[in-house]
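Please work through the following exercises with the sequence and the structure in view, trying each task before reading its solution.

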Amino acid sequence: MLSDYTMRFAASALEVVILKSFSVHSLCRFLLCGMFAVLPLACSGQPKLPPLSTDAVILAFGDSLTFGTGAGEQQSYPEVLAGLTGRKVVNAGVPGEVSKDGLERLPGVLEEVRPDLLILCHGGNDMLRRQDQQQLRDNLVNMLKMARDQGIAVLMVAVPEPGLALKPPALYQELAKEFAIPLEKEVIVSILKKSELKSDQVHPNAAGYQRMAEAFADLLRKSGALL
């Protein structure tokens, strides 16, 4: 049998041979590949969005939470967000709309507005009417694909299920991960848990919409859309 000294010597010699066989270029590529393999783990977090130019257009698309039901016309979150971001924000909220109808409406709105960024807040009415969540998921997937195919950045907003728990279904988090888009999943929950921020059981008041706009502006900054 070989002694431990002999085996260690052979291993060291082999290591030298391997290193010498690398060109400087190859060694650099080897080290860089290893470094980039680690970077996604070190830099994981909220997905990034392209920076919005000063003349960029943001499309706020959804139902009554986007329209601003429960507050004055100038107090909806799109109106407040326009002031916070310095960008044009188009309010395309339709009270009572379910995701199926939103999916049918979205192509025409995208064609008319031609936004740089879509804020998608949909699904509350589906859940209030106890509609199939798989259908809601499918409708959201098709909306996200539509935006992606047109090169439109997306920020998605999770809406909680009605009830005491006020927790968004997992499908929002799953889709945000699948499409690599930022997700705001806490602000609506926090608003609906505080009577001073609500106009009724499912709608914010002016202070609540202000809170929504602030949360979206903060997420846009964190994701790189606002510098």
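**Exercise 1.** In this predicted model, state which helix holds both Asp218 and Lys222, and how many residues apart they lie.

*Solution.* Asp218 and Lys222 both belong to helix α10, which covers residues 206-222, and they lie four residues apart, about one turn of the helix. The next step is to look at their side chains, where Asp218 forms a salt bridge with Lys222 and the closest N and O atoms are 3.2 Å apart. A salt bridge needs such atoms within 4 Å, and 3.2 Å is the distance found for Asp218 and Lys222. As for the surroundings, Asp218 has a relative accessibility of 30% and therefore counts as partly exposed, whereas Lys222 is exposed, with a relative accessible area of 54%. Elsewhere, salt bridges that share partners join Arg137, Glu174 and Glu178 into one network.

**Exercise 2.** Find the salt-bridge partner of Glu104, and then that of Glu111, and decide for each of the residues involved whether it is exposed, partly exposed or buried.

*Solution.* Begin with Glu104, whose salt bridge is with Lys100, the closest N and O atoms being 3.2 Å apart. Both residues lie in helix α5 (residues 99-113), with a spacing of four residues, about one turn of the helix. Since exposed means over 50% relative accessible area, Glu104 counts as exposed at 54% relative accessibility, while Lys100, at 48%, counts as partly exposed. Turning to Glu111, its side chain meets that of Arg114 in a salt bridge, at 2.8 Å from N to O. Here Glu111 counts as partly exposed at 49% relative accessibility, and Arg114, with a relative accessible area of 57%, is exposed. As a general background to such pairs, side chains of opposite charge can pair when their charged atoms come close. A search of the whole structure finds six salt bridges.

**Exercise 3.** Describe how α5 and α7 are placed relative to each other, and which residues make their contact.

*Solution.* First take the geometry: the axes of α5 and α7 come within 9 Å and cross at roughly 10°. Angles under 35 degrees count as roughly parallel, and α5 and α7 are therefore roughly parallel to each other. Then list the residues in contact, which on the α5 side are Ser99, Lys100, Gly102, Leu103, Leu106, Pro107 and Leu110, and on the α7 side Leu136, Asn139, Asn142, Met143 and Met146. Sorted by class, the contact of α5 with α7 has seven nonpolar, four polar and one charged residues.

**Exercise 4.** Carry out the same kind of analysis for α7 and α8, and give the handedness of their crossing.

*Solution.* Helix α7 (residues 133-149) and helix α8 (residues 170-179) pack with their axes 11 Å apart, at an angle of about 25°. That angle makes α7 roughly parallel to α8. The crossing of these two helices, α7 and α8, is right-handed. Among the residues of α7 that meet α8 are Leu136, Arg137 and Leu140, and those of α8 that they meet include Leu171, Glu174 and Glu178. By class, the contact of α7 with α8 has eight nonpolar, one polar and five charged residues.

**Exercise 5.** Locate Glu97 and decide whether it is buried or exposed.

*Solution.* Glu97 is placed in the loop between β2 (88-93) and α5. Buried means under 20% relative accessible area, so Glu97, at 7% relative accessibility, counts as buried. Leaving aside neighbours within four places in sequence, Glu97 is in contact with Phe61, Gly62, Asp63, Gly102, Arg105, His122 and Asn125.

Conventions
Residues are numbered from 1 along each chain as its sequence is written. This is a predicted model: local features need pLDDT of at least 70, side-chain atom pairs count only at pLDDT 80 or more; totals for chains, interfaces and linings use all residues. Side-chain values use heavy atoms; hydrogens and water are left out. Axes are lines fitted to C-alpha atoms, for helices over the stretch in contact, and angles run from 0 to 180 degrees between N-to-C directions. Angles under 35 degrees count as roughly parallel, over 145 as roughly antiparallel, 65 to 115 as roughly perpendicular and the rest as oblique. A crossing is left-handed if the near helix is turned anticlockwise from the far one by less than a right angle, and right-handed if clockwise. Contact means heavy atoms within 4.5 Å. Ala, Val, Leu, Ile, Met, Phe, Trp, Tyr, Cys and Pro count as nonpolar, Asp, Glu, Lys and Arg as charged, and the others, Gly among them, as polar. Buried means under 20% relative accessible area, exposed over 50%, partly exposed in between (1.4 Å probe, protein chains only).
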